[in-house]
Structure formats: C-alpha cells, structure tokens
Amino acid sequence: MWTENGSQCPCGVSGEIKRIMEKISIIVPVYNAEKYIRNCIESMLQQSYSNIEIVLVNDGSSDRSGEICCAYAEKDPRIRYLEQENQGVSAARNHGIEVSTGEFLLFLDADDVIVKDACERLAGHISDDTDLILCGFRRMFYRNERLVSQYDVLPECEDIKNTETLGKYFGRLYETTLLTCVCAKMYRKNMVIKIHPVFCEDMALGEDALFNLKFLKSCGTIAVENRALYVYNHRANSGSLTKGDGKGRLE
C-alpha cells in the first residue's frame with residue numbers, strides 16, 4: 001500500500017479511512033434441538049468474520065439443548081444465552097432482538113448452519129444505504145438422518161436499489177422463498193426495530209413473510225450475494241421451531 005505522498009505505508013494500510021467492522025448479531029431460537037445445536041453453534045464460531053455476537057434463545061426446551069448452549073456460552077464471550085418459557089419462534093426472535101447489540105441482524109434456525117465465510121461475504125456488501133443483504137441457500141433433505149438430495153436456491157439478480165428493480169425480481173424471489181423467510185438474509189437493526197412487533201407472536205404460520213413485506217416498505221438498498229451461504233436442513237421431526245408440520249400450523 002502507498003500513502004498519499006507516494007511513500008510506502010509501513011503497516012500495509014492505505015491512507016484512506018477504513019470502514020469500521022460492523023457487529024453482526026446472529027439470533028438463534030432453540031427448542032429441543034440437542035441433536036443439531038452443536039453443529040449450528042460451531043458453524044458460527046468458525047466464521048472468518050470476527051465481530052459477531054451469538055444470541056441463543058432457549059424457548060423452553062425439555063431436552064439437553066439448554067445445557068449444551070450454556071456450556072458453549074461459558075467458553076466463548078461472544079455467546080449470550082437466554083431462557084424463556086415456551087412461547088414460540090416469534091417470541092424467541094423478538095427476545096433475541098431486544099438484547100442484541102449488533103448493527104446488523106442475522107437469523108439462524110437451531111438445526112441449520114452457515115458456511116465459514118457467510119458473515120464476511122454479507123458484511124462485504126454493507127454501505128451507508130444498505131438495509132438488507134440477501135444471499136442464496138442450500139436445501140439439504142434428510143431421511144432417517146441420511147442425506148437424500150440437495151440443491152441451491154440463488155437470487156440470480158443484481159442489487160435492488162429502487163422499486164422498479166424490486167418489481168422486476170419480486171415474483172421470482174418470492175416464489176423461491178428468498179423473500180418469504182428470514183433466513184439467508186442480514187438486516188440493519190435500526191430498521192428492524194421500527195416494526196412493532198417485529199415478529200407477530202400470535203401467528204403460527206407466515207410470520208416471516210409478513211415481517212419481510214413490512215420491512216420492504218421502508219427498506220433502502222437490497223444488496224445481493226449470489227452464493228449459497230446458508231444451509232437449510234430439512235428433517236422429519238427435527239424439533240426445530242420453524243419446521244414443524246403439525247395440524248395446528250396448517251389450520
């Protein structure tokens with residue numbers, strides 16, 4: 001690197017003011033996920049981006065999920081562990097948002113993982129007018145804990161900076177669930193907390209889509225990362241807060 005007067009900078013940093021690394025808070029609702037929560041936590045701890053905060057919200061688990069989360073929290077100061085009575089995924093996420101201290105929020109399900117450079121790649125798109133960063137995800141289908149199929153879902157579009165561009169890509173992004181779920185996205189927190197409540201706690205289905213549609217109304221630039229950075233695991237009876245297929249949700 002070179003300074004403005006042409007001499008070499010001894011520290012290897014350019015004369016330009018470097019952007020401060022924004023803190024990313026990763027919020028994970030946890031409910032009876034003892035089989036998978038270790039992999040989820042490890043995927044966050046192995047991130048190449050260092051300025052992260054991990055918020056684990058135990059939503060009244062009856063298995064060893066809480067014990068596992070506590071053990072990790074005791075070993076790593078980046079992890080915050082919260083407990084609440086079983087209230088559902090929306091209440092758990094809202095609780096996590098309340099205590100988070102990051103400038104950006106990323107939501108992760110307890111039986112899913114993110115790739116090692118997920119936060120780094122998402123953070124690379126941050127600018128002053130970026131409120132949402134959208135990436136692709138990989139769907140992994142398991143039967144009896146055996147992987148049977150997988151495929152990637154990618155945005156395959158450019159950054160969205162106005163309503164005209166949003167309209168152009170909205171249909172495809174919506175039907176591929178890239179706009180209906182909160183996973184595989186990073187949100188600017190001060191925009192998220194303008195929505196009251198952030199996630200509707202009296203809804204059992206569609207709360208993610210409703211939040212995203214509200215967020216889009218006042219959202220600035222949507223930056224796009226055309227890589228699958230989120231791994232979405234589909235398992236029967238996984239115990240996840242968001243993947244249950246009970247009759248109550250359908251009704």
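1. A quick term first: two strands pair if DSSP finds at least two bridges between them. With that in hand, here are my notes on this predicted model, starting with strand 9.

2. Strand 9 covers residues 221-234. On one side of the pairing list sits strand 5 (residues 113-114), joined to strand 9 in the antiparallel sense over two bridges. If you want a spot to click on, Ile114 has Tyr230 of strand 9 as its bridge partner.

3. The other pairing to look at is with strand 6 (residues 130-143), which runs parallel to strand 9 and is joined to it by eleven bridges. Here Met140 stands opposite Asn233 of strand 9.

4. Is strand 9 mostly covered or mostly open? Mostly covered: eleven of its 14 residues are buried. As a reminder, side chains in a regular strand alternate between the two faces of the sheet.

5. Over to helix 1 (residues 37-45), where the buried residues are Ile37, Cys40, Ile41, Ser43, Met44 and Leu45. Those buried residues pack against strand 1 (24-30), strand 2 (52-59), helix 2 (65-75), strand 3 (79-84) and strand 5. So strand 5 turns up twice in these notes: it pairs with strand 9, and the buried part of helix 1 packs against it.

6. For the whole chain, the tally is eight helices and nine strands. Of its 251 residues, 49% count as buried. Among contacts with a separation of 6 or more, 76% come from residues 24 or more positions apart. The accessible surface comes to about 12900 Å², with 49% of that belonging to carbon and sulfur atoms.

Key: Residues numbered from 1 in each chain as written. Predicted model: local features only at pLDDT ≥ 70, side-chain atom pairs only at ≥ 80, totals over all residues. Heavy atoms only, no water. Buried < 20%, exposed > 50% of the residue type's maximum accessible area, 1.4 Å probe, protein only. Helix = DSSP H or I, 4+ residues; strand = E, 2+ residues; numbered from the N terminus. Contact = heavy atoms within 4.5 Å. Areas by Shrake-Rupley, 256 points an atom, 1.4 Å probe, with all protein chains shown as cover.
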